[in-house]
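Please walk through this structure with me, one feature at a time, and keep the picture beside the text as you read.

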Amino acid sequence: MASRRRPRPAAADWRILPCGHGPKRRRAAAAPAASTSWSSMPADLVDSIAERVLAGDLLDYVRFRATCPHWRSCTVDPRGRGVADPRFHPRRWMMLPEGHGLHPGHAKLRGRVRFFNLDTGAFVTVHLPLFQDHCILDSPDGLLLLQRDANTAIRLLHPFTGDICDLPPLTSLIPQLDQISDARQRRLEDEKHKLQYFRKVSAAVSVAPATGAVTALLYLEHIGHFAHASAGGRRWTLSSWSTDRVARTLSFRGSLYLAYWDLEEESSILRLDPPLLEEEDGELPQPQTIATLPVELMILPQLVECESEILVVGSTDIDRAHLVVVRLADLLQGRLAVPLTSIGDHCLFFGMRSLAVSSKGLPSVAGNAIILCDSIPGGRLKQYNLGDGSLSPACDGDIGRRPPPSPHSIVHHLVTCCHQYFWNKGLIYCFRTNATWRTKREARFGV
């Protein structure tokens, strides 16, 4: 007996078809009248979606633009704007040290450099032949701050767009160094030895919204002074004042944030803003104190950017047995700084600089953890659980007494990223390893 159920009417096909202009795709798109092509999306809607994609990650934005010619024509090309437009700075990408002394530019790497996404754990390899005669000093906002070996010229390189911003050479600081009262004894030194004072830096990069002018701000760690210069400028301007109390620095939104340590009284957080464009050759104002940290709250404060805000991490004792994390925003607004018990799936790495990394890409590290890369009791790297205060191994091997075994884990690479002397030379961090260049030592002396 035949079924009495009525046949269901065919549902309309509302699929959005991929963009395309080939004959096969045109014939496929012409079949269902109700179908809509991706390329028919209004330009303002495409641009709005692109802005949200760009807020997440630059490479996702590049892939978005590669979907079809229509989307590409509706959105801004990052090439040519990679440095001058802060939206395109690769903030969450870190150059990964290879280990075994394979520094960027090493012949065995054939110009290739690897980068690691701190949020997703993704890797990309980029061909950067510029490293054949340049070395890296720092990585503000994911940009690469390079020194040219031949003449000490400083350059900002966007690793993914290839855009370059030229800054003055470090040699322009030598006459100013000779004029500083506390550096008179250095006048007898030759140029090679004077340049070493300028190569260990912490950098911040700012872009003027109205003009797109790029300004770099450097903290010269060897001498405690600051310097600034703008793209196309003739020289760096050295601050006449100095400070020897800066323990840690953090680049954030074009400014340098400084952590001052004081074990007996209050530690403090300071901010140094970039100079105004019309004051390019003028004196840098001294940094402003924006927050104080009583010893009852924490000592030995360090700074890290996590989820687009600054966290202050310290300890209640000199041995760092109990760690404390507070939001800088709470301190700035005068609110009671309540220590956090959770930072989600993030893991914080602290050495001479800091990183906030998602544990999703780190199989051996749990979230809501802190790794102190400059405090390694017994040579074993430990992770501190912020929830219950427990300690557990962060990785295998002893990195305090001897170099870690190969192949290295991603934790070893990230610990090295927190120590610039090892990071830029292709070495994996070890407390007892002498981090020296194996090539071009004279041109890179002091880095």
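A residue is called buried when its relative accessible area is under 20%, exposed when that area is over 50%, and partly exposed in between. The model shown here is a predicted one, and these words can be tried first on Gln 383, which lies in strand β24, made of residues 382-385. Because its relative accessibility is 7%, Gln 383 counts as buried. The side chain of Gln 383 also has a partner, for it reaches the backbone oxygen of Pro 393 at a distance of 3.3 Å.

We can turn next to empty space. Rolling a probe the size of a water molecule over the atoms shows where such space is left. In this model the largest pocket holds about 920 Å³ of space. Among the 35 residues that line this pocket, those closest to its centre are Pro 86, His 89, Arg 91, Asp 141 and Arg 253. Three elements give two or more residues to the lining, namely α2 (43-56), β10 (201-207) and β18 (299-306), and the largest share, four residues, comes from α2. If the lining of the largest pocket is sorted by class, it has 17 nonpolar residues, eight polar ones and 10 charged ones.

Strand β18 also leads to a feature of the backbone. Most residues other than glycine have a negative phi. Glu 307, however, has a positive phi, near 55 degrees, and this residue lies in the loop between β18 and β19, the latter being residues 309-315. Glu 307 counts as exposed, because its relative accessibility is 61% and the word applies over 50%. A positive phi is found at Arg 320 too, with a value near 60 degrees, and Arg 320 has its place in the loop between β19 and β20 (323-327). Is Arg 320 buried or exposed? Its relative accessible area is 14%, so Arg 320 is buried.

The aromatic rings give another way to read the model. A pair of such rings is described by the distance of the centres and the angle of the planes. Nine aromatic pairs are counted here. One of them joins Phe 115 and Phe 160, whose centres are 5.5 Å apart and whose planes stand at 70 degrees, an edge-to-face arrangement. This pair links distant parts of the chain, since Phe 115 is in strand β4 (residues 112-117) while Phe 160 is in the loop between β8 (153-157) and β9 (164-169), 45 residues apart. Phe 115 counts as buried because its relative accessibility is 1%, whereas Phe 160, at 21%, counts as partly exposed. Another pair is formed by Phe 252 and Tyr 257, with centres 6.0 Å apart and planes at 75 degrees, so this pair is edge-to-face. Phe 252 is buried, with a relative accessible area of 9%, and Tyr 257 counts as buried at 10%. Returning to Phe 115 and Phe 160, we can add that Trp 93 forms one aromatic cluster with them.

Rings can also have a charged group over them. The charged end of Lys 200 sits over the ring of Tyr 421, 4.6 Å from the centre of that ring. In a similar way, Arg 444 lies over the face of Trp 437, at 4.7 Å from the ring centre.

Terms used:
Residues numbered from 1 in each chain as written. Predicted model: local features only at pLDDT ≥ 70, side-chain atom pairs only at ≥ 80, totals over all residues. Heavy atoms only, no water. 1 Å grid on protein atoms, 1.4 Å probe; cavity = no way out; pocket = protein on both sides within 12 Å on 5 of 7 lines; lining within 4 Å. Points joined across faces, edges and corners; volume = space filled by probe spheres on them. Nonpolar A, V, L, I, M, F, W, Y, C, P; charged D, E, K, R; others polar. Buried < 20%, exposed > 50% of the residue type's maximum accessible area, 1.4 Å probe, protein only. Phe/Tyr/Trp six-rings, centres within 6.5 Å; stacked < 30°, edge-to-face > 60°. Lys NZ or Arg CZ within 6 Å of the ring centre and 35° of its normal. Polar contact = N/O pair within 3.5 Å; in protein donor to acceptor, adjacent residues only side chain to side chain.
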